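User: I've got this model open and want to know what the descriptions rest on. Can you walk me through the terms as they come up?

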Amino acid sequence: MEEIQHVAVLDFGSQYTQLIVRRVRELGYFAKLYALEDFPNIGKPGAIILSGGPKSTADEDAPDLDFDQLEAFGVPVLGVCYGMQLMNIKFGGKVHPSDRREYGPAKLRPEKYEGLYEGINHESQVWMSHSDTVSELPECAKVLASNQHGTPVSLQFGDRYFGIQFHPEVTHSHEGTRILHNFLLHAEKLVAFRIEDFKREIVDGIRETVGDRQVVCGVSGGVDSTVLAVLLHEAGVNVRAIFVDHGLMRKDEGEEVRNNFHRMGVPIETVDCAERFLVALDGEDDPEKKRSIIGNLFIDVFWDAVGDAEMLAQGTLYPDVIESASNAKSKASVIKTHHNRVARILELQAEGKVLEPLAELFKDEVRALGISLGIPADILNRHPFPGPGLAVRCPGVVTQERLDIIRECDAIFINQLKEQGWYDKVWQAYAGLVPVKTVGVKGDERSYEWAISLRAVISEDAMTADWVELPYSILRETSHRILNEVKGINRVLYDVSTKPPASIEWE
Ligand SMILES: Nc1ncnc2c1ncn2[C@@H]1O[C@H](COP(=O)(O)OP(=O)(O)OP(=O)(O)O)[C@@H](O)[C@H]1O
């Protein structure tokens, strides 16, 4: 996507680098992360940011950058933490190595409240995480800001090079985004990033890459694969969208997915194989084994349906690509599908037959793209649903009876959340079976039945999660309906566990 004027973020290895990309995109500009090995092949950026990193500039293997090549871009450069120290050295100053790490908040005292610090509050909190410090400034440098102890924490070298010792990308730097914004104002050639332009580029790119070949994609009914399928359809290429109905879906979900695609005018093929999955899972109660049975069978079923497809499209997103790039120090992208480690995909990839049109977008950008493609909001705002489906909400063995119970309870709970306006306020909600029988009374009779557990969480990225303080009215009504309408359940529980130590799903 070189045509869109972007901000190139060079990765010196900091754990926060991804966040710089995030923040710049939130500010309305397109940003991309580059491994140092890729430099200077970073397209035609309108601005460049050098990230922080774990190394000391004094280390023998300290990451380096050719500043003549950097200069050749002729655009403003911001050095963050390690990036600033490197700048200081390159322009003739010195950095004092230290074993002690300064970690935590500091107070920012700008010399002037203009330029990088236009509109910033006095003594605004910024976040430090570094060991080395700048000890001698080069002639071309001037101090833009210091901390509460008078130590310089922000420098300018000449006209176009800016350095900051703190991390503007983390939320603990209260006005960090504003400072990034002020920096980007120096980049005259930078133009705002609009998802519409991006959509056009992606669609053109798909047409060009696919040509008249046939391309296949798997659709789960979730956001990523739906946006992917609609994009391919919009591009007018020869596409087969395949939905595997493994019988571990929620109530009426298969029907809903088919209807959704029908209403969007995108044809999909359904592979109905619920029975095969139930048979394969028969008697298995080990969570890992259950997952692997489902994953392997999914691969068989999916690839059978694919046949001799010439290309495969996948909904890989930017965080997956970045993660794998920084972990493996390679550009190989992670493919987050059930079929991800299949030799067949690796072969196709080596032959250039795997298409990943969403690989430069974050999740919220995929949603924005979905809106501009006219995908209905109820599809785009769907809660995440795990690949192995209800099997991970059914501890112990998976049987038709158990799945049916979960489906009924889940539908009642989700319906309540929607009715009472809470569905869009929570990240994920579901009912899971507690396969433990307890005694109750139903009518005049003693009952001995299972319990169902309701779970509703909020989360930013699924790495951590907190349970939601739902109104009692929702819990009361859900419980009342489940106990009256669902056979086999005589007890309803609400899960009040955070992640960690619990996980969002049960298995
Ligand atoms: N039931 C299914 N039928 C066909 N393809 C599927 C199915 N489940 C998953 N896939 C494929 O595997 C990919 C990854 O599945 P995963 O469960 O990790 O969902 P995801 O990454 O959140 O994507 P989505 O938002 O599309 O569900 C999906 O994008 C889709 O291409």
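**Helices crossing**

Analyst: Let's start with two helices: H5 passes H6 in a right-handed crossing. Right-handed means that the near helix is turned clockwise from the far one by less than a right angle; anticlockwise would be left-handed. This is a predicted model, where local features need pLDDT of at least 70 and side-chain atom pairs count only at pLDDT 80 or more, while totals for chains, interfaces and linings use all residues. Residues are numbered from 1 along each chain as its sequence is written.

User: Why is H5 called roughly perpendicular to H6?

Analyst: Helix H5 (residues 195-210) and helix H6 (residues 223-235) pack at an angle of about 70°, and their axes are 9 Å apart. The label covers 65 to 115 degrees, so H5 counts as roughly perpendicular to H6. Axes here are lines fitted to C-alpha atoms, for helices over the stretch in contact, with angles from 0 to 180 degrees between N-to-C directions. The helices themselves are DSSP runs (H or I, at least four residues), and strands are E runs of at least two, numbered from the N terminus.

User: Which residues make the contact between H5 and H6?

Analyst: On the H5 side, Ile202, Val203, Ile206 and Arg207 make it, and on the H6 side Leu231, Leu232, Glu234 and Ala235. Contact means C-beta atoms, placed from the backbone, within 7 Å.

User: What makes 2 of the residues in the contact of H5 with H6 charged?

Analyst: Asp, Glu, Lys and Arg count as charged; Ala, Val, Leu, Ile, Met, Phe, Trp, Tyr, Cys and Pro as nonpolar; the others, Gly among them, as polar. Arg207 and Glu234 take part in the contact, and the full tally is 6 nonpolar, no polar and 2 charged residues.

User: Where do H8 and H9 meet?

Analyst: Arg276, Phe277, Ala280 and Leu281 of H8 meet Lys290, Ile293, Ile294 and Leu297 of H9. This contact also has 6 nonpolar, no polar and 2 charged residues. The axes of H8 (residues 274-281) and H9 (residues 287-306) come within 10 Å and cross at roughly 145°, and the crossing is right-handed.

User: On to the sheets. What makes S2 and S7 edge strands?

Analyst: S2 (30-35) and S7 (124-130) each pair on one side only. Pairing takes at least two DSSP bridges between two strands. They belong to an open sheet of 9 strands, ordered S2-S1-S3-S4-S11-S10-S9-S6-S7, with mixed pairing.

User: How do you know that S6 pairs with S7?

Analyst: Their 7 bridges meet the minimum of two, so they pair. S6 (residues 102-110) and S7 run antiparallel, with Ala106 opposite Val126 in S7.

User: And how do you know that S12 and S15 pair?

Analyst: S12 (residues 214-218) and S15 (residues 311-313) share 3 bridges, in the parallel sense. Val215 stands opposite Met311 in S15. The open sheet here has 5 strands, in the order S14-S13-S12-S15-S16, and its pairing is parallel.

User: Which residues come nearest to the ligand?

Analyst: Gly218, Ser220, Gly222, Ser225 and Gly387, out of 17 residues around the ligand. A residue is near if its C-beta atom, placed from the backbone, lies within 6 Å. H6 and S13 (238-245) each supply at least two residues of this shell.

User: How many polar residues does the shell around the ligand have?

Analyst: The shell has 9 polar, 6 nonpolar and 2 charged residues.

Notes:
Angles under 35 degrees count as roughly parallel, over 145 as roughly antiparallel, 65 to 115 as roughly perpendicular and the rest as oblique. Two residues are in contact if their C-beta atoms, placed from the backbone, lie within 7 Å.
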